[in-house]
Amino acid sequence: MLEMTALDWGIIGAVFMTTMLLGILVGLKSGKNRESFFLGGRSLPWWLLGTSMVATTFSTDTPNLVTDLVRGHGVFGNWAWWCFLPTGMTTVFLYAKLWRRLGAVTDMEFYEIRYSGRAAGFLRGFRAVYLGLFFNVMTMGAVSLAAIKIGAAMLGLTPVQSVCYAMAATVLFTSIGGFRGVIFTDFLLFFLAMVGAVAAAFFAVNLPEVGGIGGMLGKFAASPELSWKISPVAWGSTDDLIAFIIVPFAITWWSIWYPGAEPGGGGFLVQRMMAAKNEKHSMAAVMFFNVAHYALRPWPWIIVALASLIVYPDLASIRQAVGHLLPASQCGHDTAYSLMLSKMPAGWLGLMVASLMAAYMSTLSTLLNWGSSYCVNDVWKRFIRPDAGEKELVWCGRAVTLLLMVLSALLALQLQNAMQTFQLLLSIGAGTGLLFLLRWFWWRINAACEIAAMAGSFFWAAVFFFWKTCPLSQWQQMAAAVALTTLCWLPFAWIGPKTDFRVLREFCRKINPGGAWRAVFDEAERQGDPIVPEAQAQDIPRGLLASLFGCFAVYLTMFATGKLIYGEWLSGAVCLVAALAFALLLVKVWNPSRKASDDCRIVQNVPGYNSWSFIQPLNGKLVCAYSRGLAHTIGNSDRGVYARTSADGGRTWSEETAVCNSPDSGDAATGKGLDGQGNLLLWVRCVGKSWHHELYQSADGVSFRRLAELRPDPMPIQITDVFAVPGVGLMSLWFAGSYREGAQNSWGTLVSTDNGLTWEQQVVESGLSKSEWPTEPSAVYLGGGRILAVARVEGDAGDPSHAQFQLQSDDSGRTWKRFRTNITDVMESTPSLIYDSAAGRVYNYYYQRGAGQLKCRAVPLQTVWDHPLAWPEPQVVALGSRKRHHAGNVNAALYQDRHCLTFYSGDEQNTAVLMKLVRPDRVV
């Protein structure tokens with residue numbers, strides 16, 4: 001037993017009290033309902049969730065497992081779990097957004113969303129018990145076994161004392177704080193655990209018998225038995241090569257379900273994905289987890305494990321050091337990690353114990369909250385008490401938390417070592433992974449496949465576990481179990497009961513994962529009710545390529561970290577450069593449409609303030625009209641309207657043509673469209689001695705004639721794009737008033753029944769305050785009398801009261817509804833809509849001033865019609881100037897199979913008109 005000083009105990013007490021207080025304070029909101037208790041309200045950012053994922057897997061048993069592997073098989077032995085990185089990367093680029101789209105409380109709800117009938121309900125309930133109780137208790141038992149060994153080696157505690165103390169603290173923390181408490185304290189505990197792990201490595205290599213990094217490496221080099229153990233790519237035998245590289249990368253990563261590395265995602269990782277703000281935060285959280293989990297965190301543990309081979313060269317020395325505190329059956333190579341920690345100096349020893357306590361509480365609190373979410377949401381609420389209230393469910397979750405902790409503590413007293421548990425968990429999940437990968441993308445997979453896979457994997461695991469005289473090696477048993485389990489479930493994809501078509505249809509509509517779902521879409525077409533998905537299907541080949549590049553980047557970073565620790569500076573630098581190269585390839589593959597504005601095509605960049613550009617295809621050409629003046633003002637007489645045309649998709653442009661430049665007013669284009677004969681119409685605002693609006697017409701984009709002059713009452717500030725409404729005529733929206741606070745503002749429509757010669761004004765709303773005033777609207781006709789428009793709002797980005805407006809009419813513009821949307825990153829931005837009638841999708845383009853980003857939100861029409869808060873997260877499609885009022889005002893049009901966008905960017909004196917073509921299938 002160690003002699004703990006008052007400083008050590010003070011540090012331990014401070015960490016414990018801080019963790020408990022933070023968890024309780026943050027978790028005060030957790031008792032409101034299930035989503036608060038188990039998902040934190042689905043509002044958490046990627047960095048918090050990603051850190052929590054890393055902290056959860058930073059458990060007390062993981063360094064013990066790493067120590068067991070390194071002592072037995074060298075650093076190379078860690079490929080037993082490093083091989084799961086491809087699983088993690090495919091989760092990032094193929095599955096994270098799908099889980100977030102599911103909108104469930106737990107991943108067990110997947111079964112009744114993807115499958116049908118009693119089998120789906122059985123799967124949900126049985127898997128909830130199977131994973132939430134059996135598998136979860138196994139995992140927690142392994143973590144508690146590590147706590148037992150740490151308690152014995154460092155504090156002189158008996159196994160029963162260790163689990164009782166650990167159980168009491170963790171149950172209290174988890175049951176009160178809920179998921180939010182777990183997540184926020186994970187953030188603190190992760191950094192504490194990392195500091196402890198790094199400190200442990202530092203003191204381990206600087207022990208006199210080790211002699212620093214140089215001394216340790218020298219001792220390894222001088223010993224033929226140890227020299228190969230320091231390299232992650234050197235193996236001790238052919239069996240090791242097969243067991244740790246060939247089998248894991250050929251079979252293990254895609255075929256085996258293991259907690260924290262589930263093919264397709266699962267368990268507590270999915271719980272965090274579903275708690276994310278949106279799909280992008282879900283993906284970013286899993287990406288951060290993979291980088292930290294594989295590339296950075298293992299090396300402190302590896303260094304301690306290597307140093308332990310010098311201090312405790314064999315099992316006999318370990319057992320002698322532990323003495324009578326542990327049974328001989330529990331005193332294995334993994335105990336060496338705890339013994340090395342016992343050699344840390346005062347103060348640091350307390351911090352190390354505190355960090356191990358933090359790692360234990362972080363992992364156990366996650367597993368307890370996750371396991372209780374299954375038991376409450378998928379068993380109690382689903383099958384026992386469907387009408388249970390939210391408070392009852394929260395208290396039920398707390399009771400289950402206590403039950404799980406007691407069961408895991410009892411199991412921990414029976415286990416022997418970390419490697420034993422790791423192998424057992426792997427064997428039970430062998431052969432199920434392929435099904436979990438394919439069930440999102442192949443319509444034939446049904447509930448019978450899942451039941452057969454689950455039963456088969458458990459059966460073959462039991463066969464090999466109890467077959468003590470089996471002639472197969474460990475890796476051969478694993479490969480055989482995978483093959484036999486796959487043969488159990490795969491035939492049921494054809495012979496099993498088919499999933500109800502209505503369930504498959506709804507899954508496609510809601511999730512639309514991509515892959516082999518064509519048969520379902522075709523059947524819906526045959527029934528006369530085609531599926532219109534809520535989200536765009538994934539580009540699976542692109543996701544797989546991004547996953548491959550991500551694996552190379554992370555593995556090379558992992559190698560670089562080890563090289564630099566060993567003092568191999570040149571090879572470490574080479575690995576870092578190669579990792580950066582693959583990271584850049586990853587970015588290019590995954591987000592190809594995000595390019596800087598210098599990749600845009602320049603329409604106009606002569607000196608002057610070129611702005612307010614409008615783009616319109618006309619007789620196979622592109623016509624771009626824009627305004628030019630001296631500054632960001634509206635009334636100076638130097639401001640005029642000009643146009644250029646392009647016959648090659650915007651690569652080259654004709655000489656500039658003057659549309660109008662009145663000597664006594666500032667002229668600015670404000671809207672465009674086509675008349676009934678396909679001629680270009682261009683609205684121009686004239687501000688000077690008199691404020692009025694002029695409509696210009698052109699058949700070629702070169703010659704323009706003034707078609708009409710309007711002086712309506714109220715006088716619009718602007719009249720926007722022209723669009724045709726069947727049975728009504730040509731229509732434009734307008735807005736009038738003042739940008740000053742307290743002004744009375746209005747908006748409405750202008751309609752022409754004579755192809756633009758005359759216009760009739762209708763006021764939709766008047767007497768509006770500035771904050772309720774939709775300005776600079778963009779509208780599209782959807783068919784069936786429906787019109788959708790979005791409008792700019794005045795104010796700063798991020799303020800919910802300054803969110804973009806959504807305007808809609810279902811009676812050809814006679815009456816309208818106005819909503820506030822969830823689009824808050826507008827920053828006084830003019831929007832522009834494109835409606836793809838074939839795909840049923842709406843594309844909302846806008847420029848976020850101050851951020852320099854031209855963004856798009858693409859969404860199926862039915863998702864946002866009458867649901868203004870359902871706009872998805874934006875994708876950046878172009879970059880421009882960050883100067884607030886000297887860039888922006890996007891205008892969009894459909895050109896061939898692309899979206900053609902124009903905007904302006906520059907500074908007060910000189911701005912350029914830019915154009916960009918965007919592939920709509922790249923905007924997801």
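**Buried residues, cores and salt bridges**

At 3% relative accessibility, R849 counts as buried, because the limit for a buried residue is under 20%. The model examined here is a predicted one. R849 is located in the loop that runs between β20 (841-848) and β21 (853-860). Its side chain is in polar contact with the side chain of Y904, at 3.1 Å. When residues up to four places away in sequence are not counted, R849 touches H632, R792, V826, M827, E828, R884, H885, A887, N889 and Y904. Y904 therefore appears both in this list of contacts and as the polar partner of the R849 side chain, whose residue counts as buried at 3% relative accessibility.

Strand β21, which borders the loop of R849, also holds R857. R857 forms a salt bridge with D825, and the closest N and O atoms of the pair are 2.9 Å apart. D825 lies in the loop between β18 (817-820) and β19 (832-836), so the salt bridge ties together parts that are 32 residues apart in sequence. Both R857 and D825 are buried. Elsewhere, E112, R124, D378 and R382 are joined into one network by salt bridges that share partners.

The count of salt bridges comes to 23. One of them is formed by the side chains of R439 and E450, at 2.8 Å from N to O. R439 is found in the loop between α20 (433-438) and α21 (447-466), while E450 belongs to helix α21, so this pair ties together parts that are 11 residues apart in sequence. R439 is buried, with a relative accessible area of 5%, and E450 is buried as well, with 3%. D500 and R502 form another salt bridge, in which the closest N and O atoms are 3.2 Å apart. Here D500 is partly exposed, with a relative accessible area of 27%, and R502 is exposed, with 64%.

The largest nonpolar core has 161 residues, and W82, M216, L306 and W440 are those with the most contacts inside it. Helix α17 (residues 348-384) supplies the largest share of this core, 15 residues. Apart from this core lies another one, of 33 residues, including I717, I787, V793 and L807. Around W82, the residues in contact are V75, P232, Y294, P298, I302, Y555 and M558, not counting residues up to four places away in sequence.

Burial can also be followed along a single helix. In helix α3 (residues 46-56), 9 of the 11 residues are buried, so the helix is largely enclosed by the rest of the structure. The buried residues of α3 are L48, L49, G50, T51, S52, M53, V54, A55 and T56.

Nonpolar residues are also found on the surface. L402, L403, V406, L407 and L410 form a nonpolar patch there, and together they have about 410 Å² of accessible area. V406, one of the residues of this patch, lies in helix α18 (residues 390-412). An α-helix has 3.6 residues a turn, so residues three or four places apart point the same way. V406 counts as partly exposed at 35% relative accessibility, because partly exposed residues fall between the limit of under 20% for buried and that of over 50% for exposed.

Notes
Residues are numbered from 1 along each chain as its sequence is written. This is a predicted model: local features need pLDDT of at least 70, side-chain atom pairs count only at pLDDT 80 or more; totals for chains, interfaces and linings use all residues. Side-chain values use heavy atoms; hydrogens and water are left out. Patches are made of residues with over 30% relative accessible area and no salt bridge: like charges are joined within 9 Å, nonpolar side chains (Val, Leu, Ile, Met, Phe, Trp, Tyr) within 5 Å. Accessible areas come from the Shrake-Rupley method with a 1.4 Å probe; for residues, only the protein chains shown count as cover. A salt bridge is a side-chain nitrogen of Lys or Arg within 4 Å of a carboxyl oxygen of Asp or Glu. Helices (H or I, at least four residues) and strands (E, at least two) are DSSP runs, numbered from the N terminus. Buried means under 20% relative accessible area, exposed over 50%, partly exposed in between (1.4 Å probe, protein chains only). A nonpolar core is a set of buried Ala, Val, Leu, Ile, Met, Phe, Trp, Tyr and Cys residues joined through side-chain atoms within 4.5 Å. Contact means heavy atoms within 4.5 Å. A polar contact is a pair of N or O atoms within 3.5 Å; within protein, one must be able to donate a hydrogen and the other to accept it, and residues adjacent in sequence count only if both atoms are side-chain atoms.
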